[in-house]
Amino acid sequence: MPTKNRASFGSRLGIIFASVGSAVGLGNIWRFPYETGQNGGGAFLLVYIICVLCFGFPLMMTEFFIGRHTRSNAVGAFRALTSKRGWRNLGYVGVLAAFLILGFYSVVSGWTLEYIWQALSGSLSGKTAEMFMADFEAFSGSIVRPILWLAIFLVITHLIIISGVRKGIEQSAKWMMPLLFLILIVLCIRSLTLPGAKEGLQFLFQPDFSKISSGVVLSALGQAFFSLSIGAACMITYSSYFTRETNIPKTALSVTLLDTMVAILAGIIIFPAVFNFGIAPTQGPNLVFVTLPNIFEQLPWGSVWAFFFFLLLALAALTSVISLHESVTAYVEEQYNLTRSRAALWVSGSVFALGIVASLSIGIWKAHTLFGLTLFDLLDYTTAKILMPLGSMLVCLFVGWLVDRKTLQDDLTNQGKIRMRLFPFFVVFLKYIAPIIIALIFLNEIGLF
Ligand code: PHE
């Protein structure tokens, strides 16, 4: 429920940095390059950009509307908007997605700390490609170390969360995001000056249309939602801390463009390097943890590049984990009337428990699978390919059909202060276009057609 003295972000820049911080994460630097590598390079990038602009951007505006209008956590937000049974509970889909994402995302975030450590201690140098592979598998499959890093990562997140929306989330984003952009640019220049750069760029930017299939389209759509933090309660929660003056269409557009730019820049860092050393781009999730250290190792000052790259990855991961944690914490805090620190403790504790199981599921419990997937992969699959697209489809239907048109328009235009000429089209998009297309892509992929 909306409360009078609810926290809010302190400045426009803070709003942008925090939201971009949520969007930019492992999704851009770890997931996007390997999805692009596995789904045919340029063709995937093209479909991805279309998905981002046609679905990501309007859906982000929609989530911003829900959050700022109700000034509530995601569960409370839908309850404030309707009394219709069923629809009232739509917020749970997002909060559940956020929690499940945290389960595997924070494990991978912990890995980034291990690699920072290895770069600093010099243990990344002097290895062959096979050794990088073997060491990554030994590390990620081991029992203690990944869980230790997971714990450290969660403690950092926890401390930021309990410092509050302004002092914790906003302040930390304000120095982490500029640092992240700086590292990104430096690494880009390094990569572009490698001899294999041209081939890498061709792979990334020259679409081969024969590679586009329904699987590629669903992957691109899932990746767009994942990368923009849509369908996982985060943008609803963050926008509940926006002010009445925040320009929603403009903020959504800035976040969408910056996030896409970071993904493309990550591709520009990774693919030239991959092609320079004649490595296949189709490695999958190992790409940045095995291939890149191997590449850095062959460059002068290798450990320094590796250090900066993994620092980049860790910072990006941290600002996203903070937003996921905040979405669940805000829900627990407000719906169960707990203090913020108590709510955060519950969330950190349960995420740690889920993270331990996810981490062990790719190690000693590898043999235990469901539908052929380990718990780790299952968490990734169910969130990015099921909960986020389906949740978003329901959100479109909800706002399109159940929310009063005037309320929506007043809120998105700040009571008429902002011009939004495409508003009538936006409503048609929410009511029909988006739900139908998301449903078609989804049904096609699960084989119902
Ligand atoms: N957008 C984040 C990334 O790209 C991940 C994320 C998903 C964060 C959903 C919040 C909600 O890494």
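## A walk through an all-in-one-view helical model

Start with the cartoon representation: the secondary structure of this protein comes to 18 helices and 0 strands. Keep in mind as you go that you are looking at a predicted model.

**Stop 1: the whole chain.** Select every C-alpha atom and turn the trace along its principal axes, where it spans about 65 × 50 × 40 Å. How does the radius of gyration agree with that of a compact globule? With 449 residues, such a globule would have a value near 22 Å, and the protein has 21 Å, which agrees.

Next, colour by relative accessibility. Buried residues make up 59% of the 449 residues. Switch to the surface and you have about 17600 Å² of accessible area, of which 66% belongs to carbon and sulfur atoms. If you draw a contact map, take the contacts between residues at least 6 apart in sequence: 82% of them join residues at least 24 apart.

**Stop 2: the charges.** Select Lys and Arg, then Asp and Glu. There are 30 positive and 21 negative charges, and the mean positions of the two sets are 12 Å apart.

**Stop 3: the aromatic rings.** Now show Phe, Tyr and Trp side chains; pairing rings whose centres lie within 6.5 Å gives a count of 29 aromatic pairs.

Zoom in on Trp-87 and Phe-398. Their ring centres are 5.9 Å apart and their planes stand at 45°, so this pair is tilted. Trp-87 sits in the loop between α4 (74-81) and α5 (91-121), while Phe-398 belongs to helix α16 (residues 375-402), so the pair ties together parts that are 311 residues apart in sequence. Which of the two is buried, and which is partly exposed? Trp-87 is partly exposed, with a relative accessible area of 27%, whereas Phe-398, at 0%, counts as buried.

Then move to Phe-203 and Phe-275. Here the ring centres are 5.4 Å apart with the planes at 45°, so this pair is tilted too. It links distant parts of the chain: Phe-203 lies in helix α9 (residues 197-205) and Phe-275 in helix α12 (residues 248-276), 72 residues apart. Check the burial of Phe-275 as well: its relative accessibility is 18%, and because the cut-off for buried is under 20%, Phe-275 counts as buried.

**Last stop: an aromatic cluster.** Which residues form one aromatic cluster? Select Phe-104, Trp-111, Tyr-115, Phe-136, Phe-139, Phe-289, Phe-296, Phe-309, Phe-310 and Phe-376, and you have the cluster on screen.

Conventions
Residues are numbered from 1 along each chain as its sequence is written. This is a predicted model: local features need pLDDT of at least 70, side-chain atom pairs count only at pLDDT 80 or more; totals for chains, interfaces and linings use all residues. Side-chain values use heavy atoms; hydrogens and water are left out. Helices (H or I, at least four residues) and strands (E, at least two) are DSSP runs, numbered from the N terminus. The radius of gyration is taken over C-alpha atoms; the globule rule is 2.2 Å times the number of residues to the power 0.38. Buried means under 20% relative accessible area, exposed over 50%, partly exposed in between (1.4 Å probe, protein chains only). Contact means heavy atoms within 4.5 Å. Accessible areas come from the Shrake-Rupley method with a 1.4 Å probe; for residues, only the protein chains shown count as cover. The place of a charge is taken as NZ of Lys, CZ of Arg, CG of Asp or CD of Glu. Rings of Phe, Tyr and Trp (its six-membered ring) pair if their centres lie within 6.5 Å; planes under 30 degrees apart count as stacked, over 60 as edge-to-face and the rest as tilted.
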